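Dear colleague,

Please find the structure below, handed over for your own work. A written account of the findings comes after it.

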Amino acid sequence: MTTTALPAYDDAVARYEPVIGLETHVELGTATKMFCGCRTEFGAEPNTQVCPVCLGLPGALPVANRAAIEATIRIGLALNCDIASWCRMARKNYFYPDMPKNFQTSQYDEPLCVEGYVDVEVDGKEYRIGIERVHLEEDTGKSLHVGGATGRIHGATESLVDYNRAGIPLVEIVTKPVPGIGALAPEVAKAYVAELRDIIRSLGVSDVRMEQGSLRCDVNTSLNKPGEEWGTRTETKNVNSLRSVERAVRSEIIRQSGLLDDGVRIFQETRHFQETTGDTRPGRSKETATDYRYFPEPDLVPIAPDAAWVAELKAALPERPSVKRARLAEQWGISATDMQSVANAGAVELIEETIAAGASPAGARKWWMGELARRANETGVELSAVGATPAQVAALQKLVDEGKLNDKLARQVLEGVVAGEGDPAAVMSARGLGVVSDTGALTAAVDEAIAANPDIAAKVRDGKVAAAGALVGAVMKTTRGQADAKTVRELILERLGAA
């Protein structure tokens with residue numbers, strides 16, 4: 001049952017208090033899988049990176065990947081967690097085509113990392129997101145549904161399974177419920193995932209590329225009336241971009257509030273976010289821990305990290321992203337608020353790499369936070385996937401600094417770069433967009449502008465040189481913005497005897 005008219009978001013959060021929680025899965029960038037020696041390269045031919053262990057064939061025995069355990073401990077330490085001195089793996093039983101063993105080797109009541117937190121800032125206010133647990137498990141395979149319009153099983157004519165991903169080390173990071181954030185719930189959820197991504201990327205343990213599935217987020221959302229117990233949560237599965245995390249929370253708040261307004265009970269279920277429509281669709285009823293029938297994994301020994309080793313890993317942690325942002329803000333000469341906007345846009349590393357490629361901080365920030373951010377918003381993609389690289393942006397700014405492009409022409413060149421036409425210099429040449437500063441080529445356009453605007457020319461002759469701006473504009477229009485404005489002004493004043 002659904003409502004005929006969904007409420008506005010502001011109305012929904014005025015009547016109900018949202019509580020969110022996030023379960024984030026991170027594929028680790030190890031060379032081999034969690035319990036076998038199979039490779040983990042993304043994009044390999046289907047079912048070419050498999051063996052008896054990750055296919056769950058009879059008699060195959062697993063051996064834990066030390067590098068994956070170390071990476072998980074480092075993630076836990078970076079998230080301010082306590083590291084268990086002893087824990088073990090468990091079998092989580094459920095039956096899907098992409099689970100070759102018919103169970104997943106995971107952790108249940110004895111996770112490797114517990115009781116951490118992450119601080120995020122939204123609208124100038126800091127929010128602490130509690131981390132309940134960080135545990136290590138193995139990823140599943142991947143089901144491919146073909147013959148349908150949506151890529152989902154409904155309407156497909158056949159389903160295929162690729163087991164290359166099965167057994168890749170997977171870290172699950174589970175937050176505690178996050179109440180008390182009101183209307184900012186979608187923004188807080190997005191900020192948390194962005195901060196988590198930055199932290200993990202800084203550790204070098206995963207490329208955390210949401211578009212490739214190496215970072216996947218399940219978003220839990222519930223509503224309750226002020227002063228009442230928390231409501232029943234739904235879990236929106238496998239949200240694959242920062243923008244979609246925000247949209248999924250917002251959509252669920254609107255949907256659930258509409259149901260509650262109509263007196264309809266919310267059921268605990270999984271849902272799927274629809275990128276095209278911006279809403280969620282039902283998946284399946286949500287299992288509980290009892291349904292999974294956990295029991296200790298009999299084929300693996302417990303994990304008992306040595307305290308000295310953990311201390312050594314903690315001492316070697318890199319600079320925290322929040323500390324790095326404060327340092328970069330000072331270096332770039334921008335405020336903490338401006339840096340937060342850069343971080344929220346996912347542009348910190350992009351601007352940093354653009355500066356390293358030779359651009360000034362102001363120039364790099366101008367393009368990433370201006371034209372490129374606008375394009376990313378219009379197309380609904382992450383800024384890093386907009387189609388331009390830091391090196392290309394630095395090259396574009398260099399052409400501007402050298403006077404070969406002005407900002408208007410540079411935007412046209414950038415359009416070509418994003419469209420895949422090549423690097424800035426090649427696009428500028430192919431499109432004929434360079435600034436014209438040759439006085440001989442500009443003289444005719446200047447004389448034409450003077451002849452067409454005698455009243456303005458007379459004012460300039462009488463000493464009102466500010467009026468020359470209108471003539472400069474006329475020349476720029478004639479030359480499609482390619483004339484060098486400074487050269488044009490000098491020519492105008494010279495021709496009118498006002499130089």
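The notes that follow cover three helix pairs and one pocket.

The model is predicted, so local features need pLDDT of at least 70 and side-chain atom pairs count only at pLDDT 80 or more, while totals for chains, interfaces and linings use all residues. Residues are numbered from 1 along each chain as its sequence is written, and side-chain values use heavy atoms, with hydrogens and water left out.

Helix packing

Helices (H or I, at least four residues) and strands (E, at least two) are DSSP runs, numbered from the N terminus. Axes are lines fitted to C-alpha atoms, for helices over the stretch in contact, and angles run from 0 to 180 degrees between N-to-C directions. Angles under 35 degrees count as roughly parallel, over 145 as roughly antiparallel, 65 to 115 as roughly perpendicular and the rest as oblique. A crossing is right-handed if the near helix is turned clockwise from the far one, and left-handed if anticlockwise, by less than a right angle.

Helix α2 (residues 66–78) packs against helix α6 (residues 307–315) at an angle of about 60°, their axes being 10 Å apart. The two are therefore oblique to each other, and their crossing is right-handed. In contact (heavy atoms within 4.5 Å) are R66, I69, E70, I73, R74 and L77 of α2 with W309, V310, L313 and K314 of α6. These residues comprise 6 nonpolar, no polar and 4 charged, where Ala, Val, Leu, Ile, Met, Phe, Trp, Tyr, Cys and Pro count as nonpolar, Asp, Glu, Lys and Arg as charged, and the others, Gly among them, as polar.

For α3 and helix α4 (residues 242–261), the axes come within 8 Å and cross at roughly 150°. That makes α3 roughly antiparallel to α4; the crossing is right-handed.

Helix α13 (residues 407–418) and helix α14 (residues 424–431) have axes 9 Å apart and an angle of about 110°, and are therefore roughly perpendicular. This crossing is also right-handed. Q412, V413, E415, G416 and V417 of α13 meet P424, V427, M428 and R431 of α14.

The second largest pocket

Its volume is about 740 Å³. On a 1 Å grid over the protein atoms alone, a pocket is an open set of points where a 1.4 Å probe fits, with protein on both sides within 12 Å along at least five of seven lines; lining residues have an atom within 4 Å of a point. The lining of this pocket has 32 residues, with V120, E121, E195, R325 and Q340 nearest its centre. It divides into 14 nonpolar, 7 polar and 11 charged residues.

Yours sincerely

Terms used. Grid points are joined across faces, edges and corners, and a volume is the space filled by probe spheres set on the points.
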